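Here is a short report for someone meeting this structure for the first time. Keep the view open while reading.

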Amino acid sequence: MNMSRRTVVLILGAILVAWTAAVFLPARHFDFVNWDDYDEVIENPLLHPPTDQHLREIWSGPYLRMYAPLSYSAWWAILRIPRAADNPGLFHLLNIALHLACVGLVFSILLVCVKSPMAAFGGAAIFALHPLQVESVTWVSEMSNLLAAALSLGAIRLYLAFRVSPGNSRWWYFGFGSAVYLLALFAKATAVVAPLMAAILDLGFLRSSPRRVVISLFPWLAAAGIFGWIAHLSQRAPGTPLMDRPTVAIDALAFYFGKLFWPFGLTVDYGRTPSRVLMGHFWRGNLAVLFILGIIFFLLWRNYRGMAVGAIVMLAGLLPVLGLVPFGFQEYSTVADHFLYLGMLGPSLAGGVILAGTPGRWALPLAAGLGLGLAVLSAEQLRVWRNSGTLVARALAIDPGSAVGNEIVGSQLDRVGKPAAAVPYFSAAIARDPTNPEFHYNLANAWLRMGEYEKSIDEFQAALPLFHPPSWKAMNNLGVAYVKAGRLDQAMIEFRQVLDVDPENAEAAENIRMLEPAVLPLDRLGTGRARR
């Protein structure tokens, strides 16, 4: 008995979602990791307590150089559940649910583009199960990336429905899609690439005219430009010289294509900062790799255009994080697994196109074999993110000098009251990357807690010029170190500079008030905890 196309689609979609859930559900038992999870969620002052006033503050401006109010609102809602902060499983389940939603949407998008349900199933399995997706799904702090991706994919799917639907009713799809896309931008600025990806799909698979596509997507492009500019102003990352940025981007592209086809040695820290890339000269080999890929792309464009369109979609998803425009994470590395999450739509499309051209008797074994291989690799990679210890062990096993790995260990030790044990790890992070202000800041705090005030002052002074924008916490803690060292006039200068940066800063105002009397209650002066 032949099943209808709708029945086949529903069965394949259910299998795909269930398969993905089976691979990723073990993450519900994972812990928070000492890499952004504390700053973003557990110790975020805008989330503790989750009051209505804090919710208004979430929407009023950026936090930690990122304006993502919808994502912070989602965390705010979870933290209203009693004892949610002690239950990382709730946050991991949210990430898994968002990934499953993305998988379903990618499957739906591929059905429009490649037509064949089996080809769409196999292509979507690449998005669902590739090991490069593990970081985004298992890292609590990356919920914002997942939420923005889910909403972006939903908006793209609605745009495609607008394109293929007849009559005036199709404008409902466009209006709803536009609203969903606006929510995506409020989730995270990574959604700025969605209009470009929608345009590529429209031009490449639906064969619409460029003029028609630009006119239709102009409102989305305008909104993307506004939010992209807000993100740029919020991050204010120190810029790589303009002439060197293509070199950094070439290295990043070669890295992502390499990991796409050979997903081994995945870690939280690749250490490919612009300075290391430019000094290492290995970009020359990467340039040769990209030249070869360019030839392959040209041949694909002439003979297998759908695969070439998939490559362009992947490139579009990566555009904001290739280093052509500076961004904050470049302090640690230009490349990271989670930057490719939404861009994995491209390889999924290419895989779907390949399977669509495969003889029917081979399509199912190929799709199943591909999915099984990726699932095994992802299940192995999943273990890396179980907790901070497993995350650090992997990072340091791959690179003993890993700045991020040493930083996480140092922060963990400092957090449990062992600053002396943390000092060598912070120092190792600085040795790998002396331009990162967070490393100097955390070492300065460790020295401060040990009573080594002059060493603390030196590190705070090293950190402050590296912060962009200025860090009031570093200024404030430098002021406290000056007080502890008996240099009260310099302390007063630092506290006042904090108010120049943040006129409403209550901690600095209180420290100034306590400095004014002749006898200072030194032990009451407030200091910020080490970052991360």
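How far apart should the ends of the 14 residues of helix H20 (residues 419–432) be at 1.5 Å a residue, and what is the span between its end C-alpha atoms? The expected span is 20 Å, and the end C-alpha atoms are 20 Å apart, so the two values agree. The model is a predicted one.

**Helix H20**

Which residues of H20 are buried? They are Pro419, Ala422, Val423, Phe426, Ala429 and Ile430. These residues cover an arc of only 130 degrees around the axis, so they sit on the same side of H20. Their cover includes helix H19 (403–415), helix H21 (437–450) and helix H22 (453–463).

One of those covering helices, H22, holds Ser456. Is Ser456 buried or exposed? Its relative accessibility is 0%, so Ser456 counts as buried. Leaving out residues up to four places away in sequence, Ser456 touches Ala444, Trp447, Leu448 and Ala481.

**The whole protein**

Now step back to the full chain. The protein has 25 helices and 0 strands. Its radius of gyration is 25 Å, close to the 24 Å given by the globule rule for 532 residues, so the protein is as compact as a globular protein of that length. Along the principal axes, the C-alpha atoms fill a box of roughly 90 × 50 × 45 Å.

Of the 532 residues, 55% count as buried. The exposed area of the protein is about 22,700 Å². Carbon and sulfur atoms supply 65% of that area. Contacts also reach along the chain: among those between residues at least 6 apart in sequence, 72% join residues at least 24 apart.

**Two nonpolar cores**

In soluble globular proteins, nonpolar side chains tend to be buried together. Here the largest nonpolar core has 144 residues. Which residues have the most contacts inside this core? They are Leu201 and Leu345. Neighbours within four places in sequence aside, Leu201 is in contact with Ile109, Cys113, Ile156, Leu160, Leu206, Val313, Leu345 and Leu349. A second core is separate and has 22 residues, including Ala444, Ile457, Ala474 and Met492. Ala444 is also one of the residues that Ser456 touches.

**Helices H9 and H5**

Two more helices can be set side by side.

| Helix | Residues in helix | First to last C-alpha | Expected at 1.5 Å a residue |
|---|---|---|---|
| H9 | 18 residues | 26 Å | 26 Å |
| H5 | 27 residues | 39 Å | 39 Å |

Helix H9 runs over residues 170–187. Its buried residues are Arg170, Phe174, Gly177, Val180, Tyr181, Ala184, Leu185 and Ala187. They cover an arc of only 150 degrees around the axis, so they lie on the same side of H9. Helices that cover them include H4 (69–79), H8 (143–164), H10 (194–204) and H11 (210–235).

What does the face of H9 turned away from its buried side carry? That face has the exposed residues Trp172 and Phe176. Ala179 is another residue of H9. Ala179 counts as partly exposed because its relative accessibility is 42%, between the 20% and 50% cut-offs. The C-alpha atoms of Ala179 and Leu151 are separated by 9.7 Å, with their positions 28 residues apart along the chain.

Helix H5 is mostly covered, with 20 of its 27 residues buried.

**Backbone details in the loops**

Where does Lys115 lie? Lys115 is in the loop between H5 and helix H6 (117–129), just after H5. Lys115 is not a glycine, yet its phi is positive, at about 75 degrees.

On the other side of H5, Arg83 lies in the loop between H4 and helix H5 (88–114). Arg83 also has a positive phi, about 60 degrees, although it is not a glycine. Its relative accessibility is 65%, so Arg83 counts as exposed.

Which residues does a cis peptide bond join? The pair is His48 and Pro49, with omega about -5 degrees. Pro49 sits in the loop between helix H2 (37–42) and helix H3 (52–60).

Notes: Residues are numbered from 1 along each chain as its sequence is written. This is a predicted model: local features need pLDDT of at least 70, side-chain atom pairs count only at pLDDT 80 or more; totals for chains, interfaces and linings use all residues. Side-chain values use heavy atoms; hydrogens and water are left out. Helices (H or I, at least four residues) and strands (E, at least two) are DSSP runs, numbered from the N terminus. The expected span of a helix is 1.5 Å times one less than its number of residues. Buried means under 20% relative accessible area, exposed over 50%, partly exposed in between (1.4 Å probe, protein chains only). The arc is that of the directions from the helix axis to the C-beta atoms. Contact means heavy atoms within 4.5 Å. The radius of gyration is taken over C-alpha atoms; the globule rule is 2.2 Å times the number of residues to the power 0.38. Accessible areas come from the Shrake-Rupley method with a 1.4 Å probe; for residues, only the protein chains shown count as cover. A nonpolar core is a set of buried Ala, Val, Leu, Ile, Met, Phe, Trp, Tyr and Cys residues joined through side-chain atoms within 4.5 Å.
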